[in-house]
Amino acid sequence: MPDALAAAPPSVRRLADALGPGAACSGRDEVAVADIVVAGPDEPLHDVSGALILAVGVRADEAAAFLGAAAIAGAAAVAFKIADGEIAPDTREAAEVAGLPVLGVPAALRWDRAEAELRAVLAYGGRYGPDGARDLFSLAQTVATLTRGVVSVEDSAHRVVAYAGPGEEADELRRRSVLGRDCPEPYLKLLREQGVYRRVRAGDEVIEVAAQPQLGARARLVIGVNAGRRPLGTIWVQEGSAQLAQNAAQVLRGAARLASFQLVDHYFRGDARARLGSREELSHGLLTGRFDAGALAAHLGVDPAASADVVAVDLRLPTEGMDAQRAEAAGVVSVHAAAHRENALVAQACGQIYAILPCPAAAPADEAPLERWAADLVVTLRRLTGSKVQAVVGGRATRLSDVPAMKMHGYRGLQLMTRTPDQPVASHTRLTPALLVRDTLDLLRDAPHVRWPAIDALVAHDRAHGGDTARSLLRYLDAFGDVATVAKELNVHPNTLRYRIRRAVALTGLDLDDAEHRLAAVLHLRLALDTPTAPDRPFPTR
């Protein structure tokens, strides 16, 4: 994209707003900032023209001298830590003398997190765009969370463009790379000698790089981010105080596929939020059938004739006030989906998250691997959210225009699973009988003229006299007449249960030898008692 069309650099005021409550600014806060530079009290200020300098470690009594040096070096502004949302009067006065605006960073916000947020504004306008669009910083954070490592994303010139993970666990190499914005040359030389960069440009191989104590480097994993044959950059995961997660390599493969979109925008100075927001919106359109599937597929880079599996995920979180947590979870689903299937799409709809997974040519319609994948995803999401996350394999759309139907399979399946919160994963195929019964009961509920009066009378008699005859009859029918099992469940003597069944037969005229009588009695008893479950497995009514 030509520079003339690129977004204007943000002002000091815009950067302060990005840091949220507790941040402040003073002086000419409309001044534009072109870069972020980290500097300490004794560091010489070079190449800082137009930059916001983060004054790390500068004490209050050193602020005036630091501001003077920054002004001489051509800085746009200086950032200091502040308390209670107020810039100290002495600092304000020194800034006025130096002619520089000051950005106050909340004392509770770590410098590395502040720098990440500020650089995200410079690069993409902020971490989260419309509809929770995720940029490289939030993708890096997702990778750090899933791998338990310290993450850096570099472009093809070895410049660090995003990073995440516990700052206190970063090794010396990573700190130098982030603060200097590029990888130290001795380490680059070693990587070239080992052929690491040649290998990352060749495909999606995840490469292990051994620790190099003499260079201050712990063990790492790295994968290339490529667009066809064009190398766009790399994603690095450094081992911290604990070992990396066992699936770290798989997470990196998914992240590399997602990062290609953001790195293309990084090179061409495009608006990554618009790109990602558009992709999410179009994925949502494909999921819900609002747009033509063929046109959407072409735009998204998916073969419109391809089949696709659809998996629905419900976080089981409150519907209100959880947007940030849902966006983070959607990022996790995106990484897992991208690692599982190339060109995977993820969208949010109806308060749930849906993964659309295009199938490889001639892929067998076997739901077992997909259920295992969904189960692994649910384990991860339950650990991260602390909630009873559930997933349903909605089924395979034989063409992309059938995706909305599979979405409804997942949606309805998740409705059923609210009755069994400890069950992590199910498939629509396995839930079909329960769905059939639920739909049948819904039809009966909407047709009050279709009733068995004797069953209604039995239920009414129990309610009037505190009896349990109707419920005992339903349990008996559910258990195919297994008196011993049902009596144990109801905590009654088998003879008591037999008496209740004989009484129910006498009151209703039920013929237990007639299959239609038994079927009609089960349906009507479930409707009348509003019984959500059978004794041994889910049997929801709504």
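This passage walks through a sheet, the nonpolar cores and one buried arginine in a predicted model.

A good place to begin is the open sheet, whose five strands follow the order E1-E5-E4-E3-E2 with mixed pairing. At its edges stand strand E1 (24–26) and strand E2 (35–39); each has a single partner strand, so one side of each is left without a neighbour in the sheet. From one strand to the next, the twist averages 25°. Further in, strand E3 (residues 51–55) and strand E4 (residues 77–82) run parallel and are joined by three bridges. Leu52, for instance, has Ala77 in E4 as its bridge partner. Helix H2 (residues 63–73) lies across E2, E3, E4 and strand E5 (102–106), and runs at about 160° to E4.

Attention now turns to the nonpolar interior. The largest nonpolar core comprises 58 residues, and those with the most contacts inside it are Ile235, Val311, Val313, Trp373 and Leu381. Helix H9 (residues 248–268) gives the most to this core, contributing eight residues. Leaving aside residues up to four places away in sequence, Trp373 touches Val311, His336, Ala337, His340, Ala355 and Leu357. Another core, of 27 residues, lies apart from the largest one; Ala312, Ala347, Tyr354 and Ala397 are among its members.

Finally, Arg438 deserves a look of its own. This arginine is found in helix H15 (residues 428–445). Arg438 counts as buried because its relative accessibility is 6%, with buried meaning under 20%. The side chain of Arg438 also makes a polar contact with the side chain of Gln415, at 3.2 Å.

Notes: Residues numbered from 1 in each chain as written. Predicted model: local features only at pLDDT ≥ 70, side-chain atom pairs only at ≥ 80, totals over all residues. Heavy atoms only, no water. Helix = DSSP H or I, 4+ residues; strand = E, 2+ residues; numbered from the N terminus. Buried < 20%, exposed > 50% of the residue type's maximum accessible area, 1.4 Å probe, protein only. Polar contact = N/O pair within 3.5 Å; in protein donor to acceptor, adjacent residues only side chain to side chain. Core = buried A, V, L, I, M, F, W, Y, C linked by side-chain atoms within 4.5 Å. Contact = heavy atoms within 4.5 Å. Pairing = 2+ DSSP bridges. Axes fitted to C-alpha atoms, helices over the stretch in contact; angles between N-to-C directions.
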